[in-house]
Amino acid sequence: MKLYYSPGACSLAAHIILNEINVDFDLERVDLKTHKTEKGTDYYEVNPKGYVPALEINPGLILTENVAILPFLAQHDPKQDLIPPSGMGRAKVLEWLGYLNSELHDAYAVFFGDKLSEDEKKKAYTEIDRLLSYIDKAIGESENDYLVDDNFGPADAYLFVLTNWSNQIEHDLSPYKNIIHIRNKVAERQSVQIAMRDEGLIP
Ligand SMILES: N[C@@H](CCC(=O)N[C@@H](CS)C(=O)NCC(=O)O)C(=O)O
């Protein structure tokens with residue numbers, strides 16, 4: 001398998017799950033400004049949508065979209081308990097992935113487009129805070145150790161990656177104690193440390 005990624009982008013979540021499962025994989029970095037890969041390939045030929053992540057499963061077979069890639073990778077070895085195989089447990093993982101993807105990811109993404117005015121920035125921070133407040137409360141009200149049940153899974157990896165962006169956009173995460181609690185546990189995982197090192201995010 002091969003993951004097309006950009007350092008620190010949402011593709012880091014797939015990179016983390018690849019490190020969790022027992023597969024050989026390659027990485028190919030994408031420059032999201034030029035849409036060229038590190039090997040000089042026009043990235044639109046890999047993923048016509050132009051964004052990362054894209055997962056090449058076999059030559060010519062490409063899967064895109066975080067909500068498809070993350071469960072696909074997580075189910076690779078059912079013994080690892082990264083995602084329930086069926087039923088409500090699996091639906092709950094997909095519920096979180098959908099929310100993170102369509103709500104929180106979009107709310108952060110506003111900062112990575114055109115330069116924002118001070119007023120636009122204020123509105124964008126307010127929206128991020130609204131979403132994080134909901135997530136933090138939901139974690140606090142559940143008795144689970146992670147977003148879904150007591151096992152680390154793809155939704156936790158995705159939440160970790162998205163909330164990493166708070167640092168980049170000078171957004172204060174400190175009020176969200178329950179999110180920070182999960183983030184700290186995720187950050188300690190070897191899969192995360194290796195992915196971040198391999199993307200050049202930490203030494
Ligand atoms: N719906 C896509 C969105 C992916 C996405 O927004 N990727 C960003 C990085 S986090 C990107 O590549 N942006 C550059 C671009 O859109 O050209 C998914 O969930 O996979």
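**Pockets and domains of a predicted chain**

Tutor: The largest pocket in this model has a volume of about 730 Å³. The model is predicted, with local features needing pLDDT of at least 70 and side-chain atom pairs counting only at pLDDT 80 or more, whereas totals for chains, interfaces and linings use all residues. Residues are numbered from 1 along each chain as its sequence is written, and side-chain values use heavy atoms, with hydrogens and water left out.

Student: What makes the largest pocket a pocket, and what is its volume a volume of?

Tutor: On a 1 Å grid over the protein atoms alone, a pocket is an open set of points with protein on both sides within 12 Å along at least five of seven lines, whereas in a cavity a 1.4 Å probe fits but cannot get out. Points are joined across faces, edges and corners, and the volume is the space filled by probe spheres set on them, so the value of about 730 Å³ refers to that space.

Student: Which residues line the largest pocket closest to its centre?

Tutor: Of its 24 lining residues, Ala9, Leu32, Val52, Phe112 and Trp165 are the closest to the centre; a lining residue has an atom within 4 Å of a point. Strand 2 (26–31), helix 4 (87–109) and helix 6 (154–168) each supply at least two lining residues, and helix 4 gives the most, with four. These elements are DSSP runs numbered from the N terminus, helices being H or I over at least four residues and strands E over at least two.

Student: How many of the residues lining the largest pocket are nonpolar, polar and charged?

Tutor: They divide into 11 nonpolar, eight polar and five charged, where Ala, Val, Leu, Ile, Met, Phe, Trp, Tyr, Cys and Pro count as nonpolar, Asp, Glu, Lys and Arg as charged, and the others, Gly among them, as polar.

Student: Which element gives the largest share of the lining of the second largest pocket?

Tutor: The second largest pocket holds about 210 Å³ of space, and among its 13 lining residues Lys92, Glu95, Trp96, Tyr134 and Leu147 are the closest to the centre. Helix 4 contributes the largest share, four residues, and the lining comprises eight nonpolar, two polar and three charged residues.

Student: Which domains is the chain divided into, and where do their bounds come from?

Tutor: The chain is divided into domain 1 (2–78 + 191–198) and domain 2 (87–189), with bounds from an automatic or database domain assignment. The lining of the largest pocket draws at least three residues from each of the two domains.

Student: How do you know that domain 1 and domain 2 are in contact?

Tutor: Contact means heavy atoms within 4.5 Å, and 18 residues from domain 1 and 18 residues from domain 2 take part. Between them the domains bury about 1,400 Å², 70% of it on carbon and sulfur atoms, buried area being the accessible area (1.4 Å probe) lost on putting two parts together, summed over both. In domain 1, Cys10, Val67 and Val192 lose the most area to domain 2, together 27% of what that side buries.

Student: What makes the bond between Val52 and Pro53 notable, and where does Pro53 lie?

Tutor: The peptide bond joining Val52 and Pro53 is cis, with omega about 0°, and Pro53 lies in the loop between helix 2 (43–46) and strand 4 (54–58). Glu65, in the loop between strand 5 (61–64) and helix 3 (66–74), has a positive phi of about 80° although it is not a glycine.
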